[in-house]
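Colleague: Could you take me on a close look at one part of this protein, the C-terminal helices and the side chains that join them? I would enjoy a connected account, with the rest of the chain brought in afterwards for context.

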Amino acid sequence: MRVFLSACLLTLAINPAHAQTPAIEIETARYLDCIERVEPEPDQAFEDALAWRMEGGGWPAAHCEALALIALGDTTGGALSLEELAGTTDGGRDSVIRSAMLVDAGKAWLTIGRSEDARRAFAVALELNPDDPDALLGQASVALALGDWPLAGEAATAVIGQAPDLAEAWRLRAAARLETGALDDAWQDMETAREIAPDNIEILVLRGRINEARRLETLDN
């Protein structure tokens, strides 16, 4: 999983006039420390987040707790917690922060094959923040999983327009184009993705799939 909300998102929830106070700096550091522990030390991150939340840590503590739950294997519980957190604005959560939480939830749902839940999470994320590249990438991924090739291509294209150096966007659009039989376009997108991330296994696997589709097309003709 990606490492999730950054310090800048935390400071978005703070009154800018007080953004540099020592108390805010301490809370930001505690939040980042908790997030950084999620993958290497999920047990410790969960315990720290739980204690922090009981001390009044608010949504940053609850967010870290939900991510730690996911890392510990309770993907459903963590994803539901993230969606619940994103559903309210108390504590200063704006649309950018709530969208990022929903993206985290959508990615979690995808890891356990709950594509419809992932689609819902990404859709709401995009309602809150229509240009969020992470939400658009998630939408493309879940559209591929559900066989909605046009939507997958559209979402990936939107990300490419914002971040043309993002290999995953090119890979997802290539995969969508492969499914629609646009093999030359799929190959070009795949090659662009490979130039950006030459050692990415998913891109290399996709390259093999496109080659096989080309071979079969040649035999049919």
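Modeller: Happy to! One cut-off first: a residue is called buried when its relative accessible area is under 20%, exposed when that area is over 50%, and partly exposed in between. Please also keep in mind that this is a predicted model.

With that cut-off, E202 is a good place to start. Its relative accessibility is 46%, so E202 counts as partly exposed. The side chain of E202 meets that of R171 in a salt bridge, with 3.8 Å from N to O. Because R171 lies in helix α10 (residues 167-179) and E202 in helix α12, this pair ties together parts that are 31 residues apart in sequence. The two partners do not fall in one class: R171 has a relative accessibility of 13% and therefore counts as buried, whereas E202, at 46%, is partly exposed.

Helix α10 supplies another salt bridge, this time through R173. The side chains of R173 and D189 meet at 2.8 Å, N to O. Here the link runs between distant parts of the chain, from R173 in helix α10 to D189 in helix α11 (residues 183-196), 16 residues apart. R173 is at 11% relative accessibility, so it counts as buried. D189 is at 3%, and it too falls in the buried class.

Now to the nonpolar side of this region. The largest nonpolar core has 59 residues, and the members that touch the most others in it are M190, L206 and I210. Take I210: if its neighbours within four places in sequence are left aside, its contacts are L178, L183, A186, W187 and M190. M190 thus turns up twice, once beside I210 in the list of core members with the most partners and once among the contacts of I210.

Helix α12 has a surface side to look at as well. L204 is found in this helix, which spans residues 201-220. Together with I201 and V205, L204 forms a nonpolar patch on the surface, and the three share about 270 Å² of accessible area. L204 has a relative accessible area of 37%, so it is partly exposed.

For comparison, here is a salt bridge that stays inside one helix. D117 and R120 meet through their side chains at 2.7 Å, N to O. They are three residues apart in helix α7 (residues 115-128), which means about one helical turn separates them. D117, at 16% relative accessibility, counts as buried, while R120, at 35%, counts as partly exposed. Elsewhere, D33, R37, E41 and D48 are linked in a network of salt bridges. The structure holds 18 salt bridges.

Helix α5 offers two neighbouring threonines that are worth a look side by side. T75 lies in helix α5 and is buried, with a relative accessible area of 10%. Leaving aside neighbours within four places in sequence, T75 is in contact with L69, I70, A108, T111 and I112. T76 is found in helix α5 too, within residues 75-86, but at 29% relative accessibility it counts as partly exposed. Not counting residues up to four places away in sequence, T76 touches W109, I112 and R114. I112 therefore appears in the contacts of T75 and in those of T76. As for spacing, T76 and A66 are ten residues apart in sequence and 9.9 Å apart in space, C-alpha to C-alpha.

Finally, the whole chain. The protein has twelve helices and zero strands. Of its 221 residues, 43% count as buried. Its accessible surface comes to about 10800 Å², and 52% of that belongs to carbon and sulfur atoms. Among contacts with a separation of 6 or more, 51% are between residues 24 or more positions apart.

A word on confidence to finish. The mean pLDDT of the protein is 89, and 89% of its residues reach 70 or more. The stretch to handle with care is residues 10-18, where pLDDT stays under 50 and the model has 16 contacts beyond four places in sequence.

Definitions and conventions: Residues are numbered from 1 along each chain as its sequence is written. This is a predicted model: local features need pLDDT of at least 70, side-chain atom pairs count only at pLDDT 80 or more; totals for chains, interfaces and linings use all residues. Side-chain values use heavy atoms; hydrogens and water are left out. Patches are made of residues with over 30% relative accessible area and no salt bridge: like charges are joined within 9 Å, nonpolar side chains (Val, Leu, Ile, Met, Phe, Trp, Tyr) within 5 Å. Accessible areas come from the Shrake-Rupley method with a 1.4 Å probe; for residues, only the protein chains shown count as cover. A salt bridge is a side-chain nitrogen of Lys or Arg within 4 Å of a carboxyl oxygen of Asp or Glu. Helices (H or I, at least four residues) and strands (E, at least two) are DSSP runs, numbered from the N terminus. Buried means under 20% relative accessible area, exposed over 50%, partly exposed in between (1.4 Å probe, protein chains only). pLDDT is the predictor's confidence in each residue, from 0 to 100. Contact means heavy atoms within 4.5 Å. A nonpolar core is a set of buried Ala, Val, Leu, Ile, Met, Phe, Trp, Tyr and Cys residues joined through side-chain atoms within 4.5 Å.
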